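Visitor: I'd like to go through this structure with you and ask how you back up the labels you put on it.
Guide: Sure, go ahead and ask.

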Amino acid sequence: MSSFTVSILSLENLQAWSQLRYLLWPHYSIDHHSQDGMRIIESSNSMSFLLSIDNSKFIGFSDASIRTDYVNGCSHSPVAYLEGIFILDEFRRLGLSNLLLQEVEKWGKSKGCLELASDTSIDNFVSQNMHHKLGFTPTE
């Protein structure tokens, strides 16, 4: 039976994270994602979590930030904000995004956040469905 582990983005897993991120956002180069990763590693208001199977293969990630500007649908500040979440196709629909989201929620609470928010485009029905299944509700 496989086991899943969540870890924090670090220099050791930056390359694997960059490759996963490229699968979600292919319009940016892997080098661009690596540079973003370095900024996340160095930031106190950004975080990324990686999901691995059997502590060997990285299969997903979630990026989050702390936002202090106005966030649609939120009434508190700061807000933990899910910037992106991705699971490899063959591991989808197993509830694994929930593992990543739980880590984002814990991190947000540790930063004093009372709310968690995210967004997606109005025509991205796959993302809308995933957000709904994760418990997000549309606000605007």
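Visitor: What makes D36 and R39 a salt bridge?
Guide: Their closest N and O atoms are 2.4 Å apart. The term asks for a side-chain nitrogen of Lys or Arg within 4 Å of a carboxyl oxygen of Asp or Glu, so the pair qualifies. Both residues lie in helix α2, three residues apart, about one turn of the helix. Before we go on: this is a predicted model, where local features need pLDDT of at least 70 and side-chain atom pairs count only at pLDDT 80 or more, while totals for chains, interfaces and linings use all residues. Numbering starts from 1 along each chain as its sequence is written, and side-chain values use heavy atoms, with hydrogens and water left out.

Visitor: Why is D36 called buried or exposed, and what about R39?
Guide: Buried means under 20% relative accessible area, exposed over 50%, and partly exposed in between (1.4 Å probe, protein chains only). D36 has 16%, so D36 is buried. R39 has 46%, so R39 is partly exposed.

Visitor: How do you know that α2 has the span of a helix?
Guide: Helices are DSSP runs of H or I with at least four residues, strands are E runs of at least two, and both are numbered from the N terminus. The expected span is 1.5 Å times one less than the number of residues. For the 13 residues of α2 (30-42) that gives 18 Å, and the end C-alpha atoms are 18 Å apart, so the two agree.

Visitor: Which residues of α2 are buried, and why do you put them on the same side?
Guide: They are H33, D36, G37 and I40. They cover an arc of only 105° around the axis, taken from the directions from the helix axis to the C-beta atoms, so they sit on the same side of α2. The face turned away from that buried side carries the exposed D31 and E42.

Visitor: What makes R21 and D63 a pair worth a look?
Guide: Their side chains meet in a salt bridge at 2.7 Å, N to O. R21 is in helix α1 and D63 in strand β3, 42 residues apart, so this pair links distant parts of the chain. R21 has a relative accessible area of 9%, so R21 is buried; D63, at 2%, is buried too.

Visitor: And what does the R67 and E83 salt bridge tie together?
Guide: The side chains meet at 3.1 Å, N to O. R67 lies in strand β3 and E83 in strand β4 (residues 79-87), so the pair ties together parts 16 residues apart in sequence.
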